[in-house]
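Here are some exercises to work through with the structure beside you. Try each task yourself, then follow the solution step by step.

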Amino acid sequence: MIEEIKKNYGHLFEEELLQEINNVGVIKEVPEGFKLIEIGEYIKSMPLLLSGVIKILREDDNGDELLLYFLERGDTCAMTLSCCLGQTKSEIRAIAEVDTKLIMIPIQKMEEWTGKYKTWRNFVFESYHSRLMEMLETIDSIAFLKMDERLLKYLQDKVKVTGDDIIHNTHQEIAYDLHTSRVVISRLLKALENKGVIELHRNNIKVLEF
């Protein structure tokens, strides 16, 4: 396990911290669609991604979801950090976008390492900053972009984080992520196809411009 940790986090952490992560971390492999964190749950460990992608969602009073951001290899979730350190219930839902491998760190180690390792402290602060910027970007897209622009950005972001220009989500799944209806998404996808930006197939969407 240590070699995999070094491959993903060796450029961030010193040898001693990498060894501690190896000693206390628990490897977890989850399939696409697996729910890692649910809204209202207490979080007992923090995920460090080794491979795969996780999407972070919020939910409104009607139970409708909104995609906040994606987590990729080498990332962790600022919302998880906040809940762990404050021992509060989760405000987000985390779902594996593809088959994903992570290492789970016990929450008691997080505070200890913040005082013990400068590299860990920098990683935590940088994670907060990165996730905040991504959430601001989400807010900006909702406030300032038309739905067709939001949809194209969503598709291009998916290509970026998965490394695959073929998207296998259904129109309904995309609608859930963007907090709109399937009918709207299907209409806008057809319009994007007519512009030559994407190709629609029976079970997938191929993104041509990204």
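**Exercise 1. Find the residues that Ile54 touches, then place Ile54 in its core.**

Step 1. Leaving out residues up to four places away in sequence, Ile54 touches Leu36, Leu49, Tyr69, Phe70, Leu71, Ala94, Ile95, Ala96, Glu97, Thr100 and Leu102. Contact here means heavy atoms within 4.5 Å.

Step 2. Ile54 is among the residues with the most contacts inside the largest nonpolar core, which has 34 residues; others include Tyr9, Phe13 and Trp120. A nonpolar core is a set of buried Ala, Val, Leu, Ile, Met, Phe, Trp, Tyr and Cys residues joined through side-chain atoms within 4.5 Å. Buried means under 20% relative accessible area, exposed over 50%, and partly exposed in between (1.4 Å probe, protein chains only).

Step 3. A second, separate core of 23 residues includes Leu67, Leu151, Leu152 and Val159.

A word on the model: it is predicted, so local features need pLDDT of at least 70 and side-chain atom pairs count only at pLDDT 80 or more, while totals for chains, interfaces and linings use all residues. Residues are numbered from 1 along each chain as its sequence is written, and side-chain values use heavy atoms, with hydrogens and water left out.

**Exercise 2. Work out how the buried residues of helix H1 are arranged.**

Step 1. List the buried residues of H1 (residues 2–9): Ile2, Ile5, Asn8 and Tyr9. Helices (H or I, at least four residues) and strands (E, at least two) are DSSP runs, numbered from the N terminus.

Step 2. Look down the axis of H1: the buried residues fall within an arc of 135 degrees, so they line one face of the helix. The arc is that of the directions from the helix axis to the C-beta atoms. A general rule helps here: an α-helix has 3.6 residues a turn, so residues three or four places apart point the same way.

Step 3. Turn to the face away from the buried side, where the exposed residues Glu3 and Lys7 sit.

Step 4. Find the cover over the buried residues of H1, which includes helix H2 (15–24), strand E3 (45–51), strand E7 (100–106) and helix H5 (118–144).

**Exercise 3. Describe the surroundings of strand E7.**

Step 1. In E7, 6 of the 7 residues are buried, so the strand is largely enclosed by the rest of the structure.

Step 2. Strand E1 (residues 26–30) runs antiparallel to E7 and is joined to it by 5 bridges. Two strands pair if DSSP finds at least two bridges between them. Lys28 has Leu102 as its bridge partner in E7.

Step 3. E3 also runs antiparallel to E7, with 6 bridges. Here Pro47 stands opposite Met104.

**Exercise 4. Is Glu38 buried or exposed, and what does its side chain meet?**

Step 1. Locate Glu38 in the loop between strand E2 (35–37) and E3.

Step 2. Its relative accessible area is 18%, so Glu38 counts as buried.

Step 3. The side chain of Glu38 makes a polar contact with the side chain of Arg93 (2.8 Å). A polar contact is a pair of N or O atoms within 3.5 Å; within protein, one must be able to donate a hydrogen and the other to accept it, and residues adjacent in sequence count only if both atoms are side-chain atoms.
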